[in-house]
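I opened the notebook to look up one metal site, one loop position and one helix, and then the chain as a whole. The entries follow in the order in which I took them up.

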Amino acid sequence: MRYVRYGLGILAFALLVFISWLTLTPAPQGILVLEYHHICDEIGEDGAAYAVPVADFSQQLDYLQAEGYTTITMQDYMRAKKGKQELPAKPVILTFDDGYEDNYTTLLPLLEERGMKGTVYMITNSIGRKGYLSWNQLREMQERGIEIGSHTANHQPLTTLDREKQAEEMKLSKLLMEWNGLKTIFTFSYPNGAYDEEMPAMLKENEYLTAVTGDGGLNTFQTNPYLLQRINIPRPHLGMTEFKLRLFKAEALTKLGIRQHLLKE
Ligand SMILES: [Zn+2]
């Protein structure tokens with residue numbers, strides 16, 4: 001019995017040391033990338049979980065600024081990686097998948113009010129459809145400093161397609177946007193975060209420079225630029241506490257050296 005108590009004592013002590021290490025050691029230096037979709041109060045039947053209400057989103061932006069974060073784009077990240085530009089002390093990249101119309105009507109003014117940047121990943125066959133951004137809105141957003149990337153042409157998880165079809169999704173979505181007057185598209189977002197080990201080389205061949213996954217964690221210049229990690233920010237149930245916990249999760253995974261690979265269906 002005494003040994004059991006002794007054992008439990010050691011275990012509790014080890015746990016305490018571990019938790020202290022996780023919470024008290026300085027946050028790892030890294031580039032935080034956040035993943036959003038809709039920014040809106042009205043919730044449609046689909047995508048409800050991915051719609052962050054305006055008040056919550058505004059609070060999150062204000063919190064990031066108060067904590068000393070500065071928004072950068074994927075282009076800033078790549079230029080800094082090549083030594084052509086300095087990064088701010090606490091860089092964050094705000095990304096928005098799918099290209100919903102509220103990214104123009106709601107998100108853009110919220111970012112501009114605060115002098116913040118963002119990256120929007122388009123499903124190119126949805127451009128101009130109801131609820132999605134139009135070509136004119138996209139061109140204007142790019143003019144106003146928003147970075148535009150590809151989220152494929154059809155939003156099918158690439159792991160469900162054959163190689164030829166995967167390459168087509170990468171290539172055609174990029175070309176379509178460039179043909180329609182957008183500046184060079186060089187960043188990519190995997191639909192549903194689904195990728196495999198051959199896709200980084202395929203993206204490179206198709207002249208992309210970076211790609212984002214749904215794997216949680218922070219990035220450094222050593223992270224494979226085609227497998228950048230992101231922290232997903234869905235509709236919060238616990239307000240700012242949940243947001244802070246999600247940022248903490250990124251730090252904790254990075255400290256523990258854990259790479260989450262979520263092959264979502
Ligand atoms: Zn998506």
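Entry 1, the zinc site. I began with H151, which counts as buried at a relative accessibility of 1%; buried means under 20% relative accessible area, exposed means over 50%, and partly exposed lies in between, with a 1.4 Å probe and protein chains only. I noted that H155, by contrast, is partly exposed, because its relative accessible area is 25%. Both histidines give their NE2 atoms to the zinc ion, and D98 gives OD, with these protein donors lying 2.1 to 2.2 Å from the ion. Along the chain the donors follow the spacing D-x52-H-x3-H. I counted as donors N, O and S atoms within 2.8 Å of the metal (3.2 Å for Na, K and Ca), and since water is not among the atoms, sites may look incomplete.

Entry 2, what I am working from. This is a predicted model, in which local features need pLDDT of at least 70 and side-chain atom pairs count only at pLDDT 80 or more, while totals for chains, interfaces and linings use all residues. Residues are numbered from 1 along each chain as its sequence is written, and side-chain values use heavy atoms, with hydrogens and water left out.

Entry 3, a loop position. I looked up T73 and found it in the loop between β4 (70-71) and α3 (74-81), where helices (H or I, at least four residues) and strands (E, at least two) are DSSP runs numbered from the N terminus. T73 is buried, since its relative accessible area is 8%. Apart from neighbours within four places in sequence, T73 is in contact with I93, K117, T119 and E147, contact meaning heavy atoms within 4.5 Å.

Entry 4, helix α8. Residues 239-256 form this helix of 18 residues, and its span from first C-alpha to last is 26 Å, close to the 26 Å expected at 1.5 Å a residue; the expected span is 1.5 Å times one less than the number of residues. Its buried residues are M240, E242, F243, L247, A250, A252, L253 and K255. G257 follows α8 and has a positive phi, near 70°.

Entry 5, the whole chain. I recorded eight helices and ten strands in the protein chain, and 48% of its 265 residues count as buried. Of the contacts with a separation of 6 or more, 69% are between residues 24 or more positions apart. The C-alpha atoms fill a box of roughly 75 × 45 × 40 Å along the principal axes.
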